[in-house]
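Welcome, and please open your viewer. We will go from stop to stop, selecting a few residues at a time and looking at what surrounds them.

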Amino acid sequence: MGLKLNRRKFLWYSSATLGTSLLLKACANNPNPTPTAASGDEKFKIAIALPGIITDQAWNQSGYEGVNLAKQKLGADITYVENVTQADQTEVLTDFARKGYNVVFAHGGQFDAAVEQVAAQFPNTFFVAVNGSIKGDNIAALRIDNLQASYLCGIIGASITKSNKLAYIAGQEFEATQQELRGFELGAKSVNPKIQITSTFTGDWSDVSKGKEATLALISAGNDVIYQWLDTASAAVLQTASDKGVYAFGNVKDQLDIAPKAVLTSAVKRLDLAITYLAELAQQKQLKGQIYTIGLERPDILSLGKFGEIVPAAVKQKVMNIKQEVVDKKITFEPCKEAGKDTRCFKKA
């Protein structure tokens, strides 16, 4: 288990020589834990700030699994803070940097402003904005190509819908969710240009009530296929879709088993492998201040999950063929501007 911190308590983990661990607890008035490793044992240290809980079976769990995998592969010491609110982002990231963590992952595009603020003060710490859109001397962004996966899901959704109304739900609107929405729309309209796409942002990735309420509202408006990107609230969206007889997509994890009658497939994003990849670059001092984007060319990191029984074999085959065209760059998504936003547009070679 890694080091767990929150605003009031710190649990310090360190891999000692005999493979044992020691937990030290410090109160808020003494928030600086003492490292348990010997002073001469300078281990590579990785930290991650998570906006939700590590058991959400979605985004936050994938980030937590990432630093744990990095610990196993790289022999690193790790720490994490879960449930980091927007107001606490700067404090948590600053605390990691002050404690000498070599690389700090901020797990969500909503951390971008805090990362830029803190990174400028700690040039010896490398910050990775997961799903971010920023870069700098000691800032990298790690992006899964959300548009590529959602493009494939849009094709599936458009092939299944009876109402020609599809919907997208996410917790917040920033570049990564805009890209995913755009891909979903491009994929759906490549099948039927008349399909309508509705989007809604709940303002909270984990609030189950808000996720369910948004889903019911979209279903009431006639949407019969829903693409969701939420954390703890994702299961509520999928289960509500199942209860109401409509269809949905899983995200990050393969979520077919949550609602097998409703889930068409999932956009599976192996953040654990992607985080470990960048952590290894950081350990080797090869991590650069750039945006690292990983797409369908890395099927171990980005892929579609298991298909639901409702998806016809012909649709599965069509999507797999199109996926290969994307990998082969026969289908690309070029920069364009729409409604004042920078996004990407479909282009077929």
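A word on confidence comes first: pLDDT is the predictor's confidence in each residue, on a scale from 0 to 100. The protein chain averages a pLDDT of 89, and 86% of the residues score at least 70. Now select residues 6-40, where the pLDDT is below 50. This stretch has 58 contacts in the model beyond near neighbours in sequence, a contact being heavy atoms within 4.5 Å.

Some ground rules for the tour: residues are numbered from 1 along each chain as its sequence is written, and side-chain values use heavy atoms, with hydrogens and water left out. Since the model is predicted, local features need pLDDT of at least 70 and side-chain atom pairs count only at pLDDT 80 or more, while totals for chains, interfaces and linings use all residues.

**Stop one: the nonpolar cores**

Select I46, F105, I156 and L287, the residues with the most contacts inside the largest nonpolar core, which has 86 residues. Such a core is a set of buried Ala, Val, Leu, Ile, Met, Phe, Trp, Tyr and Cys residues joined through side-chain atoms within 4.5 Å. Buried means under 20% relative accessible area, exposed means over 50%, and partly exposed lies in between (1.4 Å probe, protein chains only). Helix α4 (residues 146-160) gives this core its largest share, nine residues; helices (H or I, at least four residues) and strands (E, at least two) are DSSP runs, numbered from the N terminus.

Then zoom in on F105. Not counting residues up to four places away in sequence, F105 touches nine partners, I46, A47, I48, A49, V128, V130, I275, L278 and A279. For a second, separate core of 21 residues, select A47, A106, V115 and A129, which are among its members.

**Stop two: D231**

Go to the loop between β11 (225-229) and α7 (234-243), where D231 is found. Which side chain of opposite charge is nearest to D231? That is K269, 9.3 Å away, and D231 is buried yet has no salt bridge. Here Lys and Arg count as positive and Asp and Glu as negative, with His and the chain ends not counted; a salt bridge is a side-chain nitrogen of Lys or Arg within 4 Å of a carboxyl oxygen of Asp or Glu. Beyond residues up to four places away in sequence, D231 touches D56, A58, W59, N60, W205 and S206.

**Stop three: salt bridges**

By the salt-bridge rule the count comes to nine. Select K253 and E65, whose side chains meet at 2.6 Å, N to O. K253 lies in the loop between β12 (247-252) and β13 (263-269) and E65 in helix α1 (residues 59-74), so this pair ties together parts 188 residues apart in sequence.

Move on to E180 and K269, a salt bridge with its closest N and O atoms 2.9 Å apart. Because E180 is in helix α5 and K269 in strand β13, the pair ties together parts that are 89 residues apart in sequence. Are these two buried or exposed? E180 is buried, with a relative accessible area of 0%, and K269 counts as buried at 1%.

Finish this stop with R182, E185 and K189, which are linked in a network of salt bridges.

**Last stop: Q283**

Select Q283 in helix α8 (residues 271-283). Q283 counts as partly exposed, at 31% relative accessibility. Leaving aside neighbours within four places in sequence, Q283 is in contact with F44 and L74. Add A76 to the selection: the C-alpha atoms of Q283 and A76 are separated by 9.2 Å, though the two residues are 207 apart along the chain.
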